Amino acid sequence: MNQEYMRELSRQYKEALAPFLRYLPWFEEHAGMRTGSAYNGRQDGNNTMSFPVYDSTLLSFVKEAGKSSFMNRNYAYIYTRKHMRTPEDERRVIKVATIQEWDVLCGILSKYVLGGNAKAYLWTQAVQENIFFLVLEKMQEIVEYWDRRLEREERIRGR
């Protein structure tokens with residue numbers, strides 16, 4: 001790939017990712033945990049409709065991510081193309097992703113963020129299955145790798 005193109009791509013990704021890195025410690029701490037519950041307004045639970053209640057940090061992340069450039073409404077296509085059906089499949093794909101699969105990482109994030117608007121359990125599932133953490137961590141790893149690589153190439157050329 002063209003070095004100037006990669007530099008610009010890396011800069012864009014780094015800039016877009018920066019606001020989400022503050023959530024990494026929270027996702028790591030809450031991996032495997034339920035981060036939501038049902039509230040029905042009555043102590044005995046009778047004759048009322050319950051609705052989900054989520055952790056405020058999770059809601060902040062989902063709200064912010066939903067407005068980000070990472071969202072891809074066509075994430076189902078990525079799932080078909082990469083043969084992802086389970087969280088294990090998602091983790092496998094995340095683990096080997098490179099900068100060329102950035103769209104795949106965005107697709108996984110989109111499934112849980114956008115899909116959670118219709119299927120409320122997806123937000124808590126992404127925390128329990130460690131998906132949000134792994135996607136953000138991999139994105140950070142990719143951006144840091146390209147930062148180091150481009151700096152090294154510039155030093156070599158500058159000699």
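Which residue forms a salt bridge with Arg 81, and how far apart are the closest N and O atoms? The partner is Asp 103, and the closest N and O atoms of the pair are 3.1 Å apart, where a salt bridge is taken to be a side-chain nitrogen of Lys or Arg within 4 Å of a carboxyl oxygen of Asp or Glu. This pair is taken up again below, after the overall architecture.

The model is predicted, so local features are given only at pLDDT of at least 70 and side-chain atom pairs only at pLDDT 80 or more, whereas totals for chains, interfaces and linings use all residues. Residues are numbered from 1 along each chain as its sequence is written, and side-chain values use heavy atoms, with hydrogens and water left out.

## Architecture

The chain contains eight helices and two strands, which follow one another from the N terminus in the order α-α-β-β-α-α-α-α-α-α; helices (H or I, at least four residues) and strands (E, at least two) are DSSP runs, numbered from the N terminus. Of its 159 residues, 40% count as buried, with buried meaning under 20% relative accessible area, exposed over 50% and partly exposed in between (1.4 Å probe, protein chains only). The exposed area of the chain is about 9600 Å², and carbon and sulfur atoms supply 50% of it; accessible areas come from the Shrake-Rupley method with a 1.4 Å probe, and for residues only the protein chains shown count as cover. Among contacts with a separation of 6 or more, 70% are made by residues 24 or more positions apart, a contact meaning heavy atoms within 4.5 Å.

## The nonpolar core

In soluble globular proteins, nonpolar side chains tend to be buried together. Here the largest nonpolar core has 46 residues, of which Phe 27, Leu 58, Phe 61, Phe 70, Ile 108 and Phe 132 touch the most other members; such a core is a set of buried Ala, Val, Leu, Ile, Met, Phe, Trp, Tyr and Cys residues joined through side-chain atoms within 4.5 Å. At least two residues of this core come from each of α1 (3-17), α2 (24-29), α3 (56-66), α4 (75-81), α5 (87-96), α6 (102-115), α7 (121-128) and α8 (131-158), and α8 gives the most, with ten residues. When residues up to four places away in sequence are not counted, Phe 132 touches Phe 27, Leu 58, Phe 61, Leu 109, Tyr 112, Val 113, Trp 123, Ala 126 and Val 127.

## Aromatic pairs

There are 13 aromatic pairs, counted where rings of Phe, Tyr and Trp (its six-membered ring) have centres within 6.5 Å, with planes under 30 degrees apart called stacked, over 60 edge-to-face and the rest tilted. The rings of Phe 27 and Phe 61 are edge-to-face, because their centres are 4.8 Å apart and their planes stand at 85°. Since Phe 27 lies in helix α2 and Phe 61 in helix α3, this pair ties together parts that are 34 residues apart in sequence, and both residues are buried. Tyr 145 and Trp 146 also form an edge-to-face pair, with 5.6 Å from centre to centre and 90° between the planes; Tyr 145 is partly exposed at a relative accessible area of 38%, whereas Trp 146 counts as buried at 11%.

Ring pairs further link Tyr 13, Phe 20, Tyr 23, Trp 26, Phe 27, Phe 61, Phe 70, Trp 102, Tyr 112 and Phe 132 into a cluster. Within this cluster, Tyr 23 has its place in the loop between α1 and α2 and is buried, with a relative accessible area of 5%. Tyr 23 and Phe 61 are 38 residues apart in sequence, yet 7.2 Å apart in space from C-alpha to C-alpha, and Tyr 23 also touches Thr 57, Ser 60 and Glu 64.

## Salt bridges

Side chains of opposite charge can pair when their charged atoms come close. The count of salt bridges comes to eleven, including the three below.

| Salt bridge | Closest N and O atoms |
|---|---|
| Arg 81 and Asp 103 | 3.1 Å |
| Arg 91 and Glu 88 | 3.2 Å |
| Glu 129 and Arg 91 | 3.0 Å |

Arg 81 in helix α4 and Asp 103 in helix α6 are 22 residues apart, and their pair links distant parts of the chain; Arg 81 is partly exposed at 37% relative accessible area, as is Asp 103 at 33%. Arg 91 and Glu 88, by contrast, both lie in helix α5, three residues apart, about one turn of the helix, and the relative accessibility of Arg 91 is 25%, which counts as partly exposed. Glu 129 lies in the loop between α7 and α8 and Arg 91 in helix α5, so their pair ties together parts that are 38 residues apart in sequence. Salt bridges that share partners also join Glu 8, Arg 11 and Glu 15 into one network.
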